[in-house]
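Open the model in your viewer and keep the sequence panel visible. The tour goes from one selection to the next.

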Amino acid sequence: MASSKDFLDYILEKLSPLEDITSRTMMGEYILYYKGRIFGGIYDNRLLIKPVNAAHRMMPAAKKERPYEGAAEMIMPDEIDDGEFLCRLVKAMYEELPEPKKRKPVIK
């Protein structure tokens with residue numbers, strides 16, 4: 001099942017105090033970026049974030065879910081209605097998120 005644009009808009013509204021939050025559609029789901037780094041995504045209308053240490057520290061009892069069959073587990077925040085918490089979470093995660101990979105030029 002693909003995620004709805006309404007759910008994406010809801011999450012983006014909660015994260016709106018942060019600058020540099022962007023999203024990209026990928027096969028009916030949404031990848032979420034903070035300052036160019038992937039911090040999570042929306043899969044089947046669930047917000048899932050990367051399982052970095054900062055996320056584990058801030059949500060030690062959070063449920064782990066797979067975004068799709070065969071994928072690595074991610075963390076599903078319980079507090080998606082609390083925009084202040086989500087913003088603190090994403091900011092705390094930033095330093096642990098991998099740098100974007102450099103794309104190789106396409107040779108034509």
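Start by selecting β3, residues 37-43. This strand is mostly covered, with 6 of its 7 residues buried; buried means under 20% relative accessible area, with exposed over 50% and partly exposed in between, using a 1.4 Å probe and protein chains only. Helices (H or I, at least four residues) and strands (E, at least two) are DSSP runs, numbered from the N terminus.

The model is predicted: local features need pLDDT of at least 70, side-chain atom pairs count only at pLDDT 80 or more, and totals for chains, interfaces and linings use all residues. Residues are numbered from 1 along each chain as its sequence is written, and side-chain values use heavy atoms, leaving out hydrogens and water.

**The strands beside β3**

Add β2 (29-34). It runs antiparallel to β3, and 5 bridges join the two; strands pair if DSSP finds at least two bridges between them. Click Tyr 30 to find its bridge partner in β3, Ile 42. The two strands form a hairpin with 2 residues between them, and Lys 35 in the turn has a positive phi of about 50°.

Now add β4 (46-49). Here 4 bridges join β3 to β4, again antiparallel, and Tyr 43 has Arg 46 in β4 as its bridge partner. This hairpin also has 2 residues between the strands, and Asp 44 takes a positive phi near 50°.

**The cores**

Which residues have the most contacts inside the largest nonpolar core? Select Leu 15, Phe 39, Ile 49 and Met 93; the core has 27 residues. A nonpolar core is a set of buried Ala, Val, Leu, Ile, Met, Phe, Trp, Tyr and Cys residues joined through side-chain atoms within 4.5 Å. Helix α3 (83-93) is among the elements that supply at least two residues, and α3 gives the most, with 6 residues. Apart from this core lies another, of 6 residues, including Tyr 33, Tyr 43, Leu 48 and Met 74.

**The largest pocket**

Select Met 26, Ile 31, Tyr 43, Pro 67 and Tyr 68, which lie nearest the centre of the largest pocket among its 15 lining residues. A pocket is an open set of points on a 1 Å grid over the protein atoms alone, where a 1.4 Å probe fits, with protein on both sides within 12 Å along at least five of seven lines; lining residues have an atom within 4 Å of a point. Both β2 and β3 supply at least two residues of the lining.
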